[in-house]
Amino acid sequence: MSGSAIAMMILAMAVLWGGLCLAIANLGRSKEGETPEVRRDL
Amino acid sequence: MTRETAATQDARRGAFSSRLVFIFAAIGSAVGLGNIWRFPYVTYENGGGAFILPYLVALLTAGIPFLYLDYAMGNRYRGSAPLSFARMHRKAEFLGWWQTGICAVIAVYYAAIIGWSLRYMLLSVDKGWGEDPAQFFTGQFLQMADPASGVTLDFVPGILVPLVVVWIVVIAIMALGVQKGVGATSVIFIPVLVLAFLILVVQALLLPGAIDGLDALFTPNWAALGDTAVWAAAFGQIFFSLSIGFGIMITYASYTGRRTDMTGSGLVVGFANSGFELLCGIGVFAALGFMAQAQGVAVGEVVASGIGLAFVAFPTIISEAPAGAFLGVLFFASLILAGITSLVSILEVVISAIRDKFEMTRIGSTMVVSMPLAVVSIVLFGTTSTLTVLDIMDNFINKFGILLVAVVSMVVIVWVLRELPALASHLNAYGSIPVRGWWTVLISVFVPIVLGFILVQEFRSTLAKTYGGYPEWMVSVFGWGLAAAVIPIGILVAMVRWRPDTPTEIPARNMEAER
């Protein structure tokens with residue numbers, strides 16, 4: 001693999017997978033909020 | 001509306017039991033066949049590694065902001081797409097039915113592809129496509145009729161039976177309801193899908209030639225960044241991949257608690273979808289690199305997308321690769337899992353809309369919606385004309401259905417009804433990521449212009465010649481005709497009065513935090 005291809009692959013992984021990890025961490029810090037009162041399907 | 005009435009409505013409609021289930025369901029909807037068979041090809045064709053830059057720009061400036069718009073609508077107005085639009089403004093209800101009609105059309109042909117994948121998963125075990133997968137697919141498998149002969153009623157048992165199985169499974173899921181059916185399916189299927197694809201990627205990376213495939217995928221062609229078509233491809237890929245703009249995310253967001261962090265959830269869904277696309281790109285191009293080396297040609301000569309990638313290129317790879325049967329089962333199982341969670345979300349838009357409008361039971365609305373769609377699906381796509389009809393419907397309903405309704409809806413919400421401040425306020429009430437002026441600018445100006453540009457380009461290129469060389473009457477009926485027909489049908493259904501127990505006012509409890 002060429003150096004530029006490796007660099008772009010690493011960049012894509014870092015941004016997309018790293019972004020997902022950060023997004024999950026951010027969500028983990030926020031409260032769950034209310035659970036819907038009723039979850040039946042009548 | 002009183003608190004009791006709002007709670008009663010939630011009870012009748014059903015809801016996800018937690019934020020986690022909602023996120024899994026939304027990821028299940030977004031992660032579909034396009035992630036596996038479209039993203040790798042679009043990346044390769046549009047600058048390789050350089051495409052990552054416009055792709056990221058599109059994700060952050062259009063995909064996630066548009067996702068927030070859908071989430072805000074569903075969560076604030078707490079209804080299916082038609083009910084949410086009706087609560088926004090009574091005269092906007094037809095937009096919701098337009099979106100619902102598009103989902104009904106997509107469901108009809110989407111099931112067929114899952115049925116093919118089911119059959120191919122079984123064929124993978126003994127490589128039942130023989131020496132020539134391309135000839136096998138159109139010949140022995142589809143028994144494809146000459147497109148000039150139009151729609152046939154010559155049923156092909158090999159595609160009919162799997163299609164019936166898919167519809168039975170999906171109808172059973174839908175009948176189980178929002179939590180036990182839609183939610184539980186995604187909670188189980190998505191982790192299994194990720195695991196299966198991870199194993200596939202590892203196995204593909206161990207094949208000889210895999211590195212050549214990755215090199216072809218990621219080597220940047222920086223000159224491509226100066227081409228507007230490349231940027232349009234990036235925004236198109238993000239738009240079609242995220243399940244935005246045609247009712248799915250509105251419907252799912254209406255099933256979440258009023259205090260759910262919609263912006264934080266949206267960020268996870270957006271990055272999870274794109275993260276999985278990247279994984280698919282790596283897996284698919286590693287396998288294509290092996291195929292190219294085995295045939296002694298350049299990777300560019302074996303690159304394929306869509307149906308050609310899944311049902312011609314991959315069977316070729318499976319036939320030649322060590323432990324190919326295992327690779328094949330993993331690949332087609334991934335298509336089935338990704339396809340079913342997406343099909344479930346598409347059907348849920350229609351079922352939810354019918355339920356809200358006519359105050360039907362879950363089972364009743366599931367049957368009223370799914371049975372006719374299943375019959376049409378089986379009649380159209382269990383026969384020798386399946387590929388022709390599918391190709392036309394898929395092309396036109398995506399471009400002149402989903403894309404058109406998304407642009408029109410966005411313009412109506414932002415510029416006609418001027419709802420953006422209320423929606424931003426709703427997102428900010430419990431959202432961990434505040435939406436401020438940047439979101440307003442993106443949603444009101446930038447995204448409509450970009451999507452409008454893509455739409456105009458598609459109109460121009462489609463009008464230039466008869467699509468696919470198919471008979472003009474077929475393109476007119478299954479292409480332009482279907483894409484256009486859902487609009488007047490939507491207007492007609494919107495004229496039907498809502499039942500007394502489904503008020504078209506905004507649920508009062510949703511306004512509390514915004515005050």
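**Close-up 1. Where chain A and chain B come together in this predicted model.** Chain A and chain B bury about 3,300 Å² between them, and 67% of that lies on carbon and sulfur atoms. Chain A brings 31 residues to the contact, while chain B brings 53 residues. Looking for charged pairs across the interface? The rule finds zero salt bridges there, but it does turn up six residue pairs in polar contact.

**Close-up 2. R13(B) meets D356(B) in a salt bridge.** The N to O distance here is 2.9 Å. R13(B) sits in helix α1 (residues 3–13) and D356(B) in helix α16 (residues 324–358), 343 residues apart. R13(B) counts as buried at 5% relative accessibility, and D356(B) is buried at 5% too.

**Close-up 3. E93(B) and K357(B) pair up in a salt bridge.** Their side chains come to 2.7 Å, N to O. This one links helix α7 (residues 93–126), home of E93(B), with helix α16, home of K357(B), across 264 residues. Both E93(B) and K357(B) are buried. R90(B) joins them in a network of salt bridges.

**Close-up 4. R76(B) and E419(B) form a salt bridge at 4.0 Å, N to O.** R76(B) is in helix α5 (residues 52–77) and E419(B) is in the loop between α18 and α19, so the pair ties together parts 343 residues apart in sequence. R76(B) is buried, with a relative accessible area of 5%, and E419(B) is buried at 14%.

**Close-up 5. A nonpolar patch on the surface of chain B.** About 540 Å² is made by V411(B), W415(B), V416(B), V441(B), V445(B) and I449(B). Helices α18 (386–416) and α20 (437–464) each give two or more residues to the patch. One of the patch residues, V445(B), lies in helix α20 and is partly exposed at 37%.

Notes. Residues are numbered from 1 along each chain as its sequence is written. Chains are lettered from A and ligands numbered from 1 in the order in which they are written. This is a predicted model: local features need pLDDT of at least 70, side-chain atom pairs count only at pLDDT 80 or more; totals for chains, interfaces and linings use all residues. Side-chain values use heavy atoms; hydrogens and water are left out. Patches are made of residues with over 30% relative accessible area and no salt bridge: like charges are joined within 9 Å, nonpolar side chains (Val, Leu, Ile, Met, Phe, Trp, Tyr) within 5 Å. Accessible areas come from the Shrake-Rupley method with a 1.4 Å probe; for residues, only the protein chains shown count as cover. Helices (H or I, at least four residues) and strands (E, at least two) are DSSP runs, numbered from the N terminus. Buried means under 20% relative accessible area, exposed over 50%, partly exposed in between (1.4 Å probe, protein chains only). Contact means heavy atoms within 4.5 Å. Buried area is the accessible area (1.4 Å probe) that two parts lose on being put together, summed over both. A polar contact is a pair of N or O atoms within 3.5 Å; within protein, one must be able to donate a hydrogen and the other to accept it, and residues adjacent in sequence count only if both atoms are side-chain atoms.
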